[in-house]
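Visitor: I should be grateful for a close look at the surroundings of the ligand. Which residues come nearest, and what is known of the pocket space in this model?

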Amino acid sequence: MEYNFLTKCVHGNGRDTSCDGSGAISFPIYQSATFAHKGLGESTGYDYSRLQNPTREQLEKVVASLEHGTDALAFSSGMAAIASLMELFQPGDHIIAVNDLYGGSIRLFDHISKKNGIKFSHEDLSKVSLEPLITPETKAVIIETPTNPMMNVIDIQKTAEIAHKHNLLLIVDNTFLSPYFQNPILLGADIVIHSGTKYLGGHNDTLAGFLVTASEDIAERLRFIIKTTGSGLAPMDSWLILRGIKTLGLRMDKAQENALAIVKWLKEEYRVSKVFYPGLPENPGYEVCLRQSRGFGCMISFEVESRELAAHILKHVRLIQFAESLGGVESLITYPITQTHADVPEDILAANGITDCVLRLSVGIEDICDLIKELEGVFESYGRQHGEQEG
Ligand SMILES: *Cc1c(COP(=O)(O)O)cnc(C)c1O
């Protein structure tokens, strides 16, 4: 029997009674580097924690089940997951990547994977059609939807159909919506990426990454890579992410409710020139998002009237903290141009509209009145310093 989502977050798909017979409710942290064998040719199923560890394995089962994958692998960070994913490719292979990817992914592709002979095209797949970009060397398409930080929405099912027609892998970074709001494998994706540091962990206390696979064959190749390169997640960190996942659905619901209220507030603030949120009917991706996702998420980007106001906000927020990252219970505000996207080439920044007036807000689960009061306060103090002279 398959449990429903919220139950799977708490229990996994079916209670795991295999651990140690103690009746422990919380899955144990198997803090062991190696495992003893009973005799020659006899194994408990565990040999050495670089290959597999019971706590990491439990986490992988839960994440695979939340994403409807055949398997999932847990890495020491999102970037470790993506770097390991690149090991599936050979020199000469071509990958089409959406141009508004997480900045760290672009840095990895341009500075490490490219050196290893893999070629990339960065394209705005929310607007440009995919098929004409495909060459005989093309092996995969990598997308995020909604994109970071501009919230462009890409049709996963349509992209999967074109990718599969040409024998390409479709890889979707699903960090922003989490499996609670979106399941790319059900829409045709072959591999799903997560930075587990974000919503899955949910508390800004642990780094983790995942690759979830739709086929056994790819999972097997990735298992070889994880055991060979040693990029797997440690037992203690695996346990922290397991604990974070227990409240994933509750956190996402509350944070999204807060995000919707903040979007409404930002829309009415005249010093905010643009609000980027997939849940706004005027967002070009609204209809696609409605069709392929169960929610619009808890991430908002917005453009203010000047760089000076952006700097003022970053300097004066207190409850909302000025920090990189997203997806935790704490609200964080980020300045993409110097933080998450600092290493992204200028032409890509300009093409995406990531200017020095754009801020990105990861909405947490605090009381909404306190969050709005904080925003009102920082805009008012800017107005007192600047606006009043304007009359
Ligand atoms: C943070 C993030 C990553 C990288 O994950 P880390 O855990 O920080 O290494 C990759 N993709 C997206 C969309 C992210 O937000």
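Guide: What follows describes the ligand shell and then the largest pocket. The model is a predicted one, and every value given here is computed from it.

The shell around the ligand has 13 residues, of which Met79, Asp173, Ser195, Thr197 and Lys198 come nearest. By class, five of the shell residues are nonpolar, five are polar and three are charged. Helix 3, spanning residues 78-86, provides the largest share of this shell, with three residues.

Oxygen atoms of the ligand take part in several polar contacts. On the backbone side, a polar atom of Gly78 is 2.8 Å from a ligand oxygen, and a polar backbone atom of Met79 is likewise 2.8 Å from an oxygen atom of the ligand. Ser195 contributes through its side chain, a polar atom of which lies 2.8 Å from a ligand oxygen. On its own the ligand has 380 Å² of accessible area, and the protein covers 94% of that.

The largest pocket may be described in similar terms. Its space comes to about 730 Å³. It is lined by 34 residues, and those closest to its centre are Ser126, Lys127, Asn152, Val153 and Pro284. Strand 8 gives the most to this lining, namely five residues. At least two lining residues each come from helix 5 (156-165), helix 9 (248-268), strand 8 (272-276) and helix 12 (346-352). The lining of the largest pocket divides into 17 nonpolar, nine polar and eight charged residues.

Key. Residues numbered from 1 in each chain as written. Predicted model: local features only at pLDDT ≥ 70, side-chain atom pairs only at ≥ 80, totals over all residues. Heavy atoms only, no water. Near = heavy atom within 4 Å. Polar contact = N/O pair within 3.5 Å; in protein donor to acceptor, adjacent residues only side chain to side chain. Areas by Shrake-Rupley, 256 points an atom, 1.4 Å probe, with all protein chains shown as cover. Helix = DSSP H or I, 4+ residues; strand = E, 2+ residues; numbered from the N terminus. Nonpolar A, V, L, I, M, F, W, Y, C, P; charged D, E, K, R; others polar. 1 Å grid on protein atoms, 1.4 Å probe; cavity = no way out; pocket = protein on both sides within 12 Å on 5 of 7 lines; lining within 4 Å. Points joined across faces, edges and corners; volume = space filled by probe spheres on them.
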